[in-house]
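This report is a first guide for a reader who has not met the structure before. Please keep the sequence and the model in view while reading.

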Amino acid sequence: KKNMKDLIVSKIKALKEINPELLKSKVDFMLVDEEELLRAYQSVRDYLILTTKRLIFVDIQGITGKKQEYKSIGYSKISSFSVETAGTFDFDSEMKIWVSGLGIFEIEFAKNTDVKPILRILSRNSL
């Protein structure tokens, strides 16, 4: 029997860093007072935003992309995280984030994406 903590609830692949301002209009309706966008990463369709208060995952679904799922995770709900950096033959960095009560979020970054800024944000806000 699998434990709830072992459940992979979301998987995003091939994320590349982009200017957070490019995605602000897409999540502006969710932001609270004094919440700022710190970093943003986008794949072909999906994206991940790190703010001063939380992580926001946006999963674009369907052929037209009109259906979208938003996942908001407060840093206080992150119980742990890990990163596997790119090796000689493996060009992508992979991150796992364990979220209390939800499961594991797996994130795969595109080649040459610097994940250190994300680690700093997670370390600063989830401890």
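## E106 and its partners

In this predicted model, E106 counts as buried, because its relative accessibility is 17% and the limit for a buried residue is under 20%. E106 nevertheless takes part in a salt bridge with K11, in which the closest N and O atoms are 3.4 Å apart. Since K11 belongs to strand β1, which covers residues 8-18, and E106 to strand β8, this pair ties together parts of the chain that are 95 residues apart in sequence. K11 itself is exposed, with a relative accessible area of 51%, so the bridge joins an exposed residue to a buried one.

The side chain of E106 also meets that of K96 in a salt bridge, with a distance of 4.0 Å from N to O. Here E106 lies in strand β8 and K96 in strand β7, so the parts that are tied together are 10 residues apart in sequence. K96 counts as partly exposed because its relative accessibility is 34%. Through shared partners, the salt bridges join K11, K96 and E106 into one network.

## Another charged pair

How many salt bridges does a search of the whole structure find? The search gives 4, and one of them, between R39 and E17, brings the closest N and O atoms to 2.5 Å from each other. This pair links distant parts of the chain, with R39 in strand β2 (residues 37-42) and E17 in strand β1, 22 residues apart. R39 counts as partly exposed on account of its relative accessibility of 27%, and E17 is likewise partly exposed, its relative accessible area being 36%.

As general background, side chains of opposite charge can pair when their charged atoms come close.

## The sheet and the helix on it

The strands named above belong to an open sheet of 8 strands, which run in the order β5-β4-β3-β2-β1-β8-β7-β6 with mixed pairing. At the edges are β5 (67-74) and β6 (78-84), each of which pairs on one side only. From one strand to the next, the twist averages 25°.

Helix α2, formed by residues 116-126, packs on this sheet and touches β2, β3, β4, β6, β7 and β8, while its direction makes an angle of about 160° with that of β6. Within the sheet, strand β3 (residues 47-51) and strand β4 (residues 54-61) pair in the antiparallel sense over 4 bridges, and L50 stands opposite L55 in β4. In general, strands of a sheet pair through backbone hydrogen bonds, and they may do so in a parallel or an antiparallel way.

Strand β1 also offers a way to relate sequence to space, for K11 is found in this strand. K11 and I60 are separated by 49 residues in sequence, and their C-alpha atoms are 12 Å apart in space.

## A nonpolar patch on the surface

Which residues make the nonpolar surface patch of about 210 Å²? The patch is made by L7, V9 and L102. L102 has its place in the loop between β7 (93-99) and β8 (103-109), and it counts as partly exposed because its relative accessibility is 38%.

## Two loop residues with positive phi

E34 is found in the loop between α1 (21-27) and β2, and its phi is near 65°, a positive value in a residue other than glycine. With a relative accessibility of 74%, E34 counts as exposed, because it passes the limit of over 50%.

For N112, phi is near 65° as well, again a positive value in a residue that is not glycine. N112 lies in the loop between β8 and α2, and N112 counts as exposed because its relative accessibility is 70%.

Key:
Residues numbered from 1 in each chain as written. Predicted model: local features only at pLDDT ≥ 70, side-chain atom pairs only at ≥ 80, totals over all residues. Heavy atoms only, no water. Patch = residues over 30% accessible without salt bridge, like charges linked within 9 Å, V, L, I, M, F, W, Y side chains within 5 Å. Areas by Shrake-Rupley, 256 points an atom, 1.4 Å probe, with all protein chains shown as cover. Buried < 20%, exposed > 50% of the residue type's maximum accessible area, 1.4 Å probe, protein only. Pairing = 2+ DSSP bridges. Axes fitted to C-alpha atoms, helices over the stretch in contact; angles between N-to-C directions. Contact = heavy atoms within 4.5 Å.
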